[in-house]
Structures are given as structure tokens and as C-alpha cells.
Amino acid sequence: MVGSNRLSNRLLFLYLPLALFTIFLLFPFYWMLIISLKPNSLLLNTKVNPLILTHFTLEHYRYLFTNTDFPRWAWNTAVVTFGATFVSLTSSILMGYALGRFRFRGGNLAGTAIFLAYLIPPTLLFIPLSQVVARFGLYNTYWALILTYPTFLIPFASWLLMGYFRTIPRELEECAMIDGASRFQAMWRIILPLALPGVLSAGIFSFTLSWNEFLYALVFMGSGEMKTIPVGTVSDLIRADVFQWGPLMAAAMLGSVPVAVAYMFFVDQYVSGLTAGAVKG
Amino acid sequence: MTTAPAGAVARTVSLTWRERVRHWLDSEPVLAYLFMSPGWIILLLFMSYPFFLGIWISLTDRMVGLPGGEFVGLRNYRELLHDSVFRLTVVNTFIYGFVTVPFKLLLGLLLALLLNQVFPLRNVLRAALLLPWIVPTALSSLAWLMLYDAVLSPFSWLLKDWGLIESNIAFLGSRTNAIISLCVANIWRGTPFFAVAILAGLQAVPQELHEAAAIEGANSVQRFFAVTLPVIKGIIVITTLFSIIWTFADFQLVYVLTKGGPANSTHIFGTFAWQEGIGGAGKLGMGAAVSLYMFPVLAVLSAILLRYVRSQEA
């Protein structure tokens with residue numbers, strides 16, 4: 001009898017709540033998926049059960065690629081994401097290395113300033129920043145986002161990498177330098193490879209945050225063909241009160257896939273990076 | 001390690017330019033500032049400069065597309081205090097930023113404790129349940145927009161099917177409904193973040209302590225408070241503060257779901273600043289002032305967070 005008691009306990013206190021969480025957290029994705037595949041005739045029919053998919057069609061996806069600028073938005077998003085990730089990662093590796101491994105006056109202050117920069121939200125800055133972007137002639141160019149996204153990527157990535165660089169013993173590069181390596185060789189060949197998990201976390205983090213960003217993309221690169229996927233989907237596929245739900249959900253699916261995939265492959269790095277940043281500060 | 005002893009310099013009669021640079025680069029402080037410069041240049045140009053420019057703009061009546069603008073002192077700030085929409089915005093932001101957090105924390109904690117158990121497909125579930133936090137919020141908010149649709153909402157359909165309601169619920173139709181709907185979507189988005197942070201913290205809970213407490217006869221609730229909670233307390237505090245800051249300064253979820261409506265009753269600072277400064281009237285000065293009203297709250301929260309992180313490190 002003890003065994004069945006244990007089983008009912010597990011059902012009640014583990015599987016049931018897990019099932020409820022799964023439904024709550026994944027239902028919107030299920031909905032996104034079935035709407036993106038549902039023919040319009042069924043989609044707008046309020047008599048039939050909307051939660052099941054009886055027929056499916058790819059017409060919404062086809063519409064997205066032939067009747068909207070979606071392919072262009074995807075290209076824009078990719079350019080901006082890779083550009084901003086590259087800029088952020090390069091600056092953050094150098095910054096993290098300096099903060100984590102060099103002893104110098106103002107080091108602690110710089111670390112604190114970086115931490116505080118991480119807490120400044122885009123909603124505080126976007127209006128004056130739009131003026132700065134315009135003054136530098138960057139408005140509606142890729143550079144508008146490639147140079148502004150690093151403001152929220154560098155603080156986190158530097159903080160994360162600083163932690164990684166700190167855990168690597170100083171003797172390692174000192175030995176290499178005694179053996180005749182220059183400081184840069186020691187950094188490039190010895191320290192950076194050891195910090196690779198951190199670099200990877202920072203990279204995935206920058207990638208997802210750039211891909212997902214909305215406010216700066218809306219304000220600095222939101223007109224004509226220069227929209228990103230989130231901005232284009234939200235502003236071009238919703239026209240007045242006519243909601244093209246099928247294409248909207250198809251775009252939401254496609255726009256979510258790259259980050260979901262990137263994250264599925266690197267979930268452990270992502271989680272460890274996330275908590276190193278969020279938890280250690 | 002500095003490897004530029006004075007002797008080396010003295011030995012060489014005339015240093016070439018290359019050598020001189022190399023010696024200079026061997027000094028740690030010089031190298032440190034050199035390494036930090038790309039990052040700091042970006043942060044100074046696109047973060048510090050706009051911050052101070054924002055303070056200046058908020059003191060002017062500058063408009064989108066027009067140069068300059070007149071200095072008007074604190075007029076924008078004063079006008080906002082008397083603006084009923086702005087007052088509502090303040091209330092909404094506090095509800096949205098603070099009321100959602102206990103839900104996210106409790107649900108996240110519960111989910112973390114569940115995911116910390118051993119069961120089949122645990123890794124798959126752990127990865128899948130983090131999705132709400134990973135995917136672009138603007139896009140997942142579109143799914144919520146349809147889930148809340150006045151005509152097509154599946155929630156309304158189900159409740160009608162079960163005979164619980166007569167007609168569709170207007171999820172976004174009134175201020176109260178819309179704010180609750182916004183909060184639910186925000187809780188959906190934020191819970192996985194808490195779960196994953198707390199789950200990572202749970203790995204640090206010493207298993208022997210749990211077993212010892214169990215032998216002493218402590219039940220699982222007692223063990224949670226005596227053994228688990230003290231270990232994850234730091235993570236909980238820090239995660240909570242981060243979440244408040246982010247939610248307080250949110251934009252996309254509200255922008256997509258209600259755009260501040262109906263009748264400007266569900267704005268938060270971010271969306272109202274956008275509407276004043278960029279979207280509607282194009283009053284940059286006013287928009288900048290709305291944003292800057294967030295600053296005192298953010299500063300206090302950041303100070304608490306910084307102090308707490310420092311105390312944890314020490």
C-alpha cells in the first residue's frame with residue numbers, strides 16, 4: 001500500500017502542478033501555432049471549437065513571404081543582431097578582461113558603473129537617444145541599432161565575463177609570459193579559450209536580446225523597409241482594425257524560432273550565464 | 001605582471017618607437033584603460049550623453065522634426081502633475097510593476113521546486129517552460145492579443161461552451177479588465193525567469209542537511225524554511241529587484257496589447273512617454289519629462305540592489 005500512496009502523492013504534488021504549469025506557460029505557443037496553420041474560413045467561424053485544428057494550410061506563411069516585407073524584416077533583424085552581438089562581444093571581452101584581471105586605480109568604480117549601467121532601461125533614454133541618433137546621421141540605418149543595442153548588452157556581458165576571467169588563476173598567463181609569450185598571446189591563446197563558456201553565454205545573451213528588442217527598433221529604425229521582425233509584424237500586419245490573424249501568428253512563430261533554437265542548443269550555458277549575471281549581480 | 005624593469009630601458013641606448021610602445025603597453029593600468037575604452041566610448045556616447053541631453057530636452061518645448069525648442073524650466077513636469085492621464089499612468093505603473101511581482105515570485109519558486117525533483121523528461125520540460133521568457137515579447141504579446149480578442153478569444157469560447165458566461169468577455173475593453181489582462185500576460189512572461197534563477201540557486205542547497213533534517217523528523221515544509229530558504233534567499237531578493245525594475249520600465253507588452261487604451265487608461269511610463277514624445281503629439285520635451293519621472297524610483301531600487309549585491313559579496 002505504501003507504493004500506491006507514494007504514487008498518488010507524486011501525482012498530486014508533482015505531476016498535476018507540472019501539468020498546470022505546462023498548460024499555462026505553453027498554451028500561447030500552441031495557440032500561435034494552430035492559428036498560423038488554420039484556414040481563414042475556420043479561423044473566423046466562432047461556432048466551431050477554436051482550440052483544435054481540423055484542417056491545416058500553409059497559406060498564411062505563403063502570404064507572409066509573397067505579400068509582405070517579412071523577408072526584408074528578417075534580413076534587417078539578422079544584420080542588426082549579428083552586428084550588435086559582434087560589437088558588444090568584442091568590447092565586453094576587453095572590458096571584462098580589464099576589470100577581471102588587471103589591478104588599477106578606479107577598477108572598482110568602473111565595475112560599479114558597469115553594474116549601474118545594466119540597470120538603466122531603454123524607456124528612460126529612448127527620446128533623447130533618438131535625437132543623438134539623428135544628429136549622428138544614423139536614423140533609419142543599421143548602425144542606429146548596431147551602436148545603441150550595445151548600451152544594454154555591454155554592461156551585462158562585461159559583468160559576466162569579468163566573473164569568468166577572475167576565476168582563471170593569474171599564474172597561468174604569468175607562466176606563459178615567462179616562457180616567452182607576449183601578453184596578447186597569453187590572453188588570446190591561454191585565457192580566452194578557458195573563458196569560452198562565458199564568451200558563449202554572453203554571445204547567446206546578446207543574440208537573443210538583440211533579436212527581441214522592440215523599442216529602439218521602433219523609434220530609430222521603424223520606417224519604410226528598415227523594420228525588424230517584431231516592429232514590422234506589429235506595425236504593418238495590424239492595419240487599422242483589420243487583424244490578419246493568420247499571417248500575424250505565422251510571423252510570430254517564425255520570429256520566435258531563431259531564438260528558441262539558439263537557446264535550445266545552449267540552454268545550459270544560457271541558464272548558467274543568466275544566473276551568473278542576475279544572481280551574482 | 002609588469003615586465004618593464006628600468007634596467008631594460010637603460011640598457012637600450014635608443015629605443016625604437018615600436019619598443020617604446022611595447023614597454024608602455026606592459027603597464028597594467030595603461031592596458032586596462034585601453035581595453036575598456038571601446039566599451040566606455042559606446043556607453044558614454046549612447047547612454048551618458050543621451051541621459052543628460054534628456055534632462056535638458058525635458059526642460060524645453062522641443063518638438064519632433066523641429067530644431068532646438070525654447071527653455072521652459074519645469075513647465076513640462078508641472079503640467080504632467082496636473083494631467084489626469086499621467087496620474088493614471090503613475091498608478092498603473094506601480095500596479096503593473098509591483099503587484100505582478102509576488103505572483104511571479106511564488107509561481108517561479110513553486111515551479112523551481114517542482115523542476116528540482118527527479119522525473120522523466122525533466123530537461124525537456126525545463127527548456128520548454130523557459131520559452132515565454134526567451135521569445136520576442138512583442139511577438140508573444142500578439143498571441144495574447146488574440147487570446148484576449150473580443151470576438152475570437154478561446155477563453156470566452158470555452159467559458160461559453162461550459163455555460164459559465166453568456167457573452168464574450170471584453171478582456172481589454174475596460175481599464176480594470178485590461179490591467180488584469182496585462183498583469184496576467186506579464187506574469188506569464190516573468191515566471192520562467194524567477195523559476196530558472198531559483199532553480200540554479202537550489203543546486204547549492206546541501207543535500208546532507210536535508211537528509212539530516214529529515215532524520216530529525218522535520219517534514220518537507222519545515223525543511224524548506226530551515227534548509228532551503230536560507231540558501232536561496234539572496235537569489236530571491238536580487239531576482240525580485242531586477243524584475244521590479246524591468247517591469248516598472250516595460251514597454252512592449254502594453255504597447256502591443258492596449259497601446260495605453262481604452263481612453264488612455266492603461267498607460268505605463270514607457271508607453272505614455274512614447275505617445276507624448278514620438279507617437280502622437282511629438283512633444284519631445286514632454287515625453288522626456290515623462291521618462292525622467294521614472295528616474296527616482298529606478299534610482300532607489302538600483303541603490304537597494306547595489307547595496308544588497310555588495311553585502312552578498314562581502
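Analyst: A residue counts as buried if 20 or more other C-beta atoms lie within 10 Å of its own, as exposed if 12 or fewer do, and as partly exposed in between. The model discussed here is predicted.

User: Why is Lys259(B) called partly exposed?

Analyst: Lys259(B) has 16 other C-beta atoms within 10 Å. Buried needs 20 or more and exposed needs 12 or fewer, so Lys259(B) falls in the class in between, partly exposed.

User: Where is Lys259(B) found, and what is its phi?

Analyst: Lys259(B) belongs to the loop between H13 and H14 of chain B. Its phi is near 50°, a positive value in a residue other than glycine. Most residues other than glycine have a negative phi.

User: What makes Ala263(B) count as exposed?

Analyst: Ala263(B) has 10 C-beta neighbours inside 10 Å. The limit for exposed is 12 or fewer, so Ala263(B) is exposed. Ala263(B) is also in the loop between H13 and H14 of chain B, and has a positive phi of about 50° although it is not a glycine.

User: How do you know that His267(B) is buried?

Analyst: The count for His267(B) is 26 other C-beta atoms within 10 Å. The class buried begins at 20, so His267(B) is in it. His267(B) has its place in the loop between H13 and H14 of chain B. Leaving out residues up to four places away in sequence, His267(B) touches Val85(B), Thr89(B), Asn92(B), Gly260(B) and Phe272(B). From His267(B) to Phe251(B), C-alpha to C-alpha, the distance is 9.4 Å, with their positions 16 residues apart in sequence.

User: Which value of omega goes with the peptide bond from Gly261(B) to Pro262(B)?

Analyst: Omega is near 0° for the bond from Gly261(B) to Pro262(B), and the bond is cis. Most peptide bonds are trans. Pro262(B) is in the loop between H13 and H14 of chain B.

User: What makes H14(B) mostly covered?

Analyst: H14(B) runs over residues 269-279, and 10 of its 11 residues are buried. Among them are Phe269(B), Phe272(B), Trp274(B) and Glu276(B). The buried residues of H14(B) pack against H6 and H12 of chain A, together with H5, H13 and H15 of chain B.

User: At what angle do H6(A) and H15(B) pack, and why is the pair called roughly antiparallel?

Analyst: H6(A), residues 122-135, and H15(B), residues 284-292, pack at an angle of about 160°, with their axes 8 Å apart. Angles over 145 degrees count as roughly antiparallel, and that makes H6(A) roughly antiparallel to H15(B). The crossing of H6(A) and H15(B) is left-handed. From H6(A), the contact is made by Thr123(A), Leu124(A), Ile127(A) and Pro128(A), and from H15(B) by Leu284(B), Gly287(B), Ala288(B) and Ser291(B). In this contact 5 residues are nonpolar, 3 are polar and none is charged; Gly287(B) is put with the polar ones because Gly is classed there.

User: How do H5(A) and H8(A) pack, and why is H5(A) called oblique to H8(A)?

Analyst: H5(A), residues 107-118, packs with H8(A), residues 150-167, at about 135°, and the axes are 8 Å apart. Roughly perpendicular ends at 115 degrees and roughly antiparallel needs over 145, so H5(A) is oblique to H8(A). H5(A) and H8(A) cross in a left-handed manner. Ile114(A), Phe115(A), Ala117(A) and Tyr118(A) of H5(A) meet Pro155(A), Phe156(A), Ser158(A) and Trp159(A) of H8(A). By class there are 7 nonpolar, 1 polar and no charged residues in this contact.

User: What does chain A consist of, and how do you know that chain A is more spread out than a compact globule?

Analyst: Chain A has 15 helices and 2 strands. Its radius of gyration is 24 Å, whereas the globule rule gives 19 Å for 281 residues; the value is well over the rule, so chain A is more spread out than a compact globule. The C-alpha trace of chain A spans about 75 × 75 × 35 Å along its principal axes. Of the residues of chain A, 47% count as buried.

User: How many residues does each chain give to the contact between chain A and chain B?

Analyst: Chain B gives 79 residues and chain A gives 78. On the side of chain B, H3(B), residues 28-58, gives the most, with 18 residues. That side divides into 63 nonpolar, 14 polar and 2 charged residues.

Key. Residues are numbered from 1 along each chain as its sequence is written. Chains are lettered from A and ligands numbered from 1 in the order in which they are written. This is a predicted model: local features need pLDDT of at least 70, side-chain atom pairs count only at pLDDT 80 or more; totals for chains, interfaces and linings use all residues. Axes are lines fitted to C-alpha atoms, for helices over the stretch in contact, and angles run from 0 to 180 degrees between N-to-C directions. Helices (H or I, at least four residues) and strands (E, at least two) are DSSP runs, numbered from the N terminus. Angles under 35 degrees count as roughly parallel, over 145 as roughly antiparallel, 65 to 115 as roughly perpendicular and the rest as oblique. A crossing is left-handed if the near helix is turned anticlockwise from the far one by less than a right angle, and right-handed if clockwise. Two residues are in contact if their C-beta atoms, placed from the backbone, lie within 7 Å. The radius of gyration is taken over C-alpha atoms; the globule rule is 2.2 Å times the number of residues to the power 0.38.
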